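Me: I would like to learn how to read side-chain exposure and charged pairs from a model. Where should we begin?

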Amino acid sequence: MTIEAQNRALPAQPSLEHLRKEAKQQLAVLRSRAASVQLADAQLVVARSYGFSSWRALKTEVDSRREALGILPPPLPEGNFYRARTPS
């Protein structure tokens, strides 16, 4: 089942992990129709199903809502060389 035509609202406490899983499920559906589909295509379908123009816009909204609720992202694993973005 594709979610392209759905127009859904984000829950009050959206989970980026859940949205990632949704995108991976959508990827499987899309690949059954066209093998050349990439994860970014599935992420776009999910983002648009929630009324956002892009996955980045969806992620920004999720991060913003979680920050407003005081829900911090999980800590980076030990030895990870990537730094979390901090507001300047």
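Me: Is glutamate 61 buried, partly exposed or exposed?

Reply: Buried means under 20% relative accessible area and exposed means over 50%, with partly exposed in between. This is a predicted model, and in it glutamate 61 has 26% relative accessibility, so this residue counts as partly exposed.

Me: Which residue forms a salt bridge with glutamate 61?

Reply: A salt bridge requires a side-chain nitrogen of Lys or Arg within 4 Å of a carboxyl oxygen of Asp or Glu. Here the partner is arginine 65, with the closest N and O atoms 2.8 Å apart. The two are four residues apart in helix α3, which means a separation of about one helical turn. Arginine 65 is partly exposed too, at 27%.

Me: How many salt bridges are there by this rule?

Reply: The count is three. One of them joins lysine 59 and aspartate 63 at 2.7 Å, N to O; this pair also lies in α3, four residues apart. Another joins arginine 8 to glutamate 22 at 2.6 Å. Arginine 8 is in the segment before α1 and glutamate 22 is in α1, so this pair ties together parts 14 residues apart in sequence. Glutamate 22 counts as buried, because its relative accessibility is 10%.

Me: Which residues of α3 are buried?

Reply: They are Trp55, Leu58 and Val62. Seen down the helix axis, they fall within an arc of 65°, so they line one face of α3. Their cover includes α1 and α2. On the other side of α3, Arg56, Glu67 and Ala68 are exposed.

Note on methods. Residues are numbered from 1 along each chain as its sequence is written. This is a predicted model: local features need pLDDT of at least 70, side-chain atom pairs count only at pLDDT 80 or more; totals for chains, interfaces and linings use all residues. Side-chain values use heavy atoms; hydrogens and water are left out. Buried means under 20% relative accessible area, exposed over 50%, partly exposed in between (1.4 Å probe, protein chains only). The arc is that of the directions from the helix axis to the C-beta atoms. Contact means heavy atoms within 4.5 Å.
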